[in-house]
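Please walk me through this structure in connected prose, beginning with how its strands are paired and going on to a helix and a pocket.

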Amino acid sequence: ESARPESIAPHLSIHQPSNLTMSSGPELRGGNITLDSITAPTEVENRHTKIVCTLGPACWDVPTLEKLIDAGMSVARFNFSHGDHEGHKACLDRLREAASNKGVHVAVLLDTKGPEIRSGFFADGAKSITLVKGSQLTLTTDYSFKGDAHKLACSYPDLPTSVKPGQSILVADGSLVLTVLECDEAAGEVITRVENDAKIGERKNMNLPGVVVNLPTLTEKDIDDIVNFGVRHNVDFIAASFVRKASDVRKIRSLLAENGGQHIKIICKIENLEGLQNYMDILAATDAIMVARGDLGMEIPPEKVFLAQKYMIREANIAGKPVITATQMLESMISNPRPTRA
């Protein structure tokens, strides 16, 4: 029986004769990296990682789409949180024209809007409200209520029974943080404390970290988008937003099969803690995974997002299923020609 020499650092692998066995332990990664691999020219044609590009007004004319294809676009993402079928169809036609001109296939990904919780509209035609740290803000589930800096509507009917005093509510991608003080189920209201100075507009997204939200994974809009656009126009992938359990995947697969879209692959977007907790079951049921770092960073501490990302990627690799890392990829290059070193 061989033993690990005490003088050797525990994270280093030791070569032993083949007829001897060693106890398993951590190995130092990166043994395949050499000086040659650093100094050799990059062989772009050997790239295995795919690039997903979200299409919008800045890039959806044919000449620009052709440039994207030349630059390496593998998949075109259509974001159904915005726009209508007519606009998306016109863009899809231009994409397929550009792909035909280049003699390549570009996959089409329909990204569903999914269920969402939003703040309401303001009174007196106001476009924004200013909230002051330490003040109280009442959230009402009466979505017809026109709000102000003291009371604001919320689109989630079950808010008073879903949150508890002490929990946080994040508004507008976390730019406004509220702490729950009191829940009044009879009145359909939640009284909160404003934790930071903020100015917000109407209909901003709201996150309830750690809360199991009672909302359907597929909304009526999502069903319409999948059936009357995705299946009708033969997209390649459905990226399903806010998937929380394996039954969500099976529901989407049934919807596709019932409408002649059984060949369309499903990419599950993991965006909240419930989806992360049920990840292994979701992974077994889906065709691919998307690590949706934006919303996930609202649900778990931002410094934990990279751990969740590595966990999900590793398990998807083991399962042999494609995995996409999304949100703020090379964000700095929106306004700079080169990425940051980070």
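In this predicted model, Thr-138 of strand E5 has Ile-191 as its bridge partner in E9, where strands are DSSP runs of type E with at least two residues and helices are DSSP runs of type H or I with at least four, both numbered from the N terminus. Five bridges connect E5 (residues 136-140) with E9 (residues 189-194), and the two strands run antiparallel; two strands are said to pair if DSSP finds at least two bridges between them. Residues are numbered from 1 along each chain as its sequence is written. Because the model is predicted, local features need pLDDT of at least 70 and side-chain atom pairs count only at pLDDT 80 or more, while totals for chains, interfaces and linings use all residues, and side-chain values use heavy atoms, with hydrogens and water left out.

E9 also pairs with E8, in the antiparallel sense and over six bridges, and here Val-180 has Thr-192 of E9 as its bridge partner. E8 and E9 form a hairpin with four residues between the strands, in which Gly-188 takes a positive phi near 70°.

From E8 the pairing continues to E7, since strand E7 (residues 168-171) and strand E8 (residues 176-184) are joined in the antiparallel sense by four bridges. Within this pair, Ser-168 stands opposite Thr-179 of E8, and Leu-170 stands opposite Val-177 of E8. This hairpin, too, has four residues between its strands, and Ala-172 in the turn has a positive phi of about 55°. E7 is further joined to E11 by two bridges, again with the strands antiparallel, and Val-171 stands opposite Met-206 of E11.

Taken together, these strands belong to an open sheet of six strands in the order E6-E5-E9-E8-E7-E11, with mixed pairing. Its edge strands are E6 (151-153) and E11 (206-207), each of which pairs on one side only.

We now turn to a helix. Helix H10 (residues 305-319) has 15 residues, and at 1.5 Å a residue it should span 21 Å, which agrees with the 21 Å between its end C-alpha atoms; the expected span is 1.5 Å times one less than the number of residues. The buried residues of H10 are Val-305, Ala-308, Gln-309, Met-312, Glu-315 and Ala-316, where buried means under 20% relative accessible area, exposed means over 50%, and partly exposed lies in between, with a 1.4 Å probe and protein chains only. Seen down the axis of H10, these buried residues fall within an arc of 145°, so they line one face of the helix, the arc being that of the directions from the helix axis to the C-beta atoms. The face turned away from the buried side carries the exposed residues Lys-310, Arg-314, Asn-317 and Ile-318.

The second largest pocket is lined by Arg-29, Gln-309, Lys-310, Ile-313, Arg-314 and Asn-317. This lining divides into one nonpolar, two polar and three charged residues.

For the chain as a whole, there are ten helices and 15 strands, and the C-alpha trace spans about 75 × 60 × 45 Å along its principal axes. Of the 342 residues of the chain, 39% count as buried.

Conventions. On a 1 Å grid over the protein atoms alone, a cavity is a set of points where a 1.4 Å probe fits but cannot get out, and a pocket is an open set with protein on both sides within 12 Å along at least five of seven lines; lining residues have an atom within 4 Å of a point. Ala, Val, Leu, Ile, Met, Phe, Trp, Tyr, Cys and Pro count as nonpolar, Asp, Glu, Lys and Arg as charged, and the others, Gly among them, as polar.
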